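Dear colleague,

I am passing this structure on to you, since you have not worked with it before. Please look through it first, and then read the notes below, which set out what was found.

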Amino acid sequence: MPILPIIHYPNPILKTPCDTLRKELPGVEQLIKDMQDTLMAYPFCVGLAAPQVGSLLRIVVIDCSRSRKPCKHHGNLVLINPVIIYRAGEQVMREGCLSLPDYTGNVKRPDAVVVEGLDSDEIPQKIETEGFEAVVLQHEIDHLDGILFLDRITSLKTDVFRRKTY
Ligand code: NI
């Protein structure tokens with residue numbers, strides 16, 4: 001169960017858009033397992049995107065059941081080539097990121113999303129969700145486009161905070 005090292009800001013890998021996974025690549029199954037093990041290694045961590053472990057493929061792993069806050073969720077999710085096909089509403093939530101361990105920020109995003117992608121068996125999935133899990137999905141999919149939560153902050157003065165607890 002290898003736990004992969006996390007890439008930290010300002011490593012340029014985090015700013016690089018990822019490639020769509022078009023065919024079965026050797027090592028992808030292991031990469032997904034390692035991403036899940038890495039997620040589990042961080043208490044309360046709810047999501048991880050492939051570039052955070054140095055792989056520029058469109059893969060995210062998410063598990064909002066690990067959150068401290070009670071929320072509706074779909075449990076353990078693996079999404080390959082996830083695409084947000086619907087967005088609605090608006091919410092502001094405090095976000096953090098393993099790649100930016102010293103900061104959190106208030107980020108405004110749509111409140112509800114529908115996401116399509118493939119699971120680890122390449123079976124098409126459609127996830128309809130809202131609230132916290134919708135934020136997590138958007139945050140992780142942003143990573144695949146080289147976007148960090150800091151890029152979505154309105155004001156660095158008022159909306160970014162130094163982390164006091166981890
Ligand atoms: Ni992140």
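Strand 3 (residues 76-88) and strand 6 (residues 112-118) run antiparallel and are joined by six bridges, where helices (H or I, at least four residues) and strands (E, at least two) are DSSP runs numbered from the N terminus, and two strands pair if DSSP finds at least two bridges between them. Within this pairing, Tyr86 is placed opposite Val114 of strand 6.

Before going further, please note that this is a predicted model, in which local features need pLDDT of at least 70 and side-chain atom pairs count only at pLDDT 80 or more, while totals for chains, interfaces and linings use all residues. Residues are numbered from 1 along each chain as its sequence is written, and side-chain values use heavy atoms, with hydrogens and water left out.

Strands 3 and 6 belong to an open sheet of five strands, which has the order 1-2-3-6-7 and antiparallel pairing. Strand 1 (47-49) and strand 7 (124-130) stand at its edges, and each has a single partner strand, so one side of each is left without a neighbour in the sheet. From one strand to the next, the twist averages 40°; axes here are lines fitted to C-alpha atoms, for helices over the stretch in contact, and angles run from 0 to 180 degrees between N-to-C directions.

Helix 1 (residues 28-40) lies across strand 1, strand 2 (59-63) and strand 3, and it runs at about 35° to strand 2. Helix 2 also packs on the sheet, touching strand 1, strand 2, strand 3, strand 6 and strand 7, and its direction makes about 125° with that of strand 7.

Outside that order, strand 4 (residues 91-95) pairs with strand 5 (residues 103-109) in the antiparallel sense over five bridges, and Glu95 has Gly105 of strand 5 as its bridge partner. Strand 5 also pairs with strand 8 (residues 160-162), again in the antiparallel sense, over three bridges.

The nickel ion has as its protein donors Cys97 (SG), His139 (NE2) and His143 (NE2), which lie 2.1 to 2.2 Å from it; donors are N, O and S atoms within 2.8 Å of the metal (3.2 Å for Na, K and Ca), and because water is not among the atoms, sites may look incomplete. Both histidines, His139 and His143, lie in helix 2, four residues apart, about one turn of the helix. His139 and His143 are both buried, buried meaning under 20% relative accessible area, exposed over 50%, and partly exposed in between (1.4 Å probe, protein chains only). The side chain of His139 also makes a polar contact with that of Glu95 at 2.8 Å, a polar contact being a pair of N or O atoms within 3.5 Å, of which, within protein, one must be able to donate a hydrogen and the other to accept it, with residues adjacent in sequence counting only if both atoms are side-chain atoms.

Finally, a salt bridge is taken as a side-chain nitrogen of Lys or Arg within 4 Å of a carboxyl oxygen of Asp or Glu, and by this rule the count comes to seven. One of them joins Arg109 to Asp142, with the closest N and O atoms 2.9 Å apart; Arg109 lies in strand 5 and Asp142 in helix 2, so the pair ties together parts that are 33 residues apart in sequence.

With best wishes

Definitions and conventions
Contact = heavy atoms within 4.5 Å.
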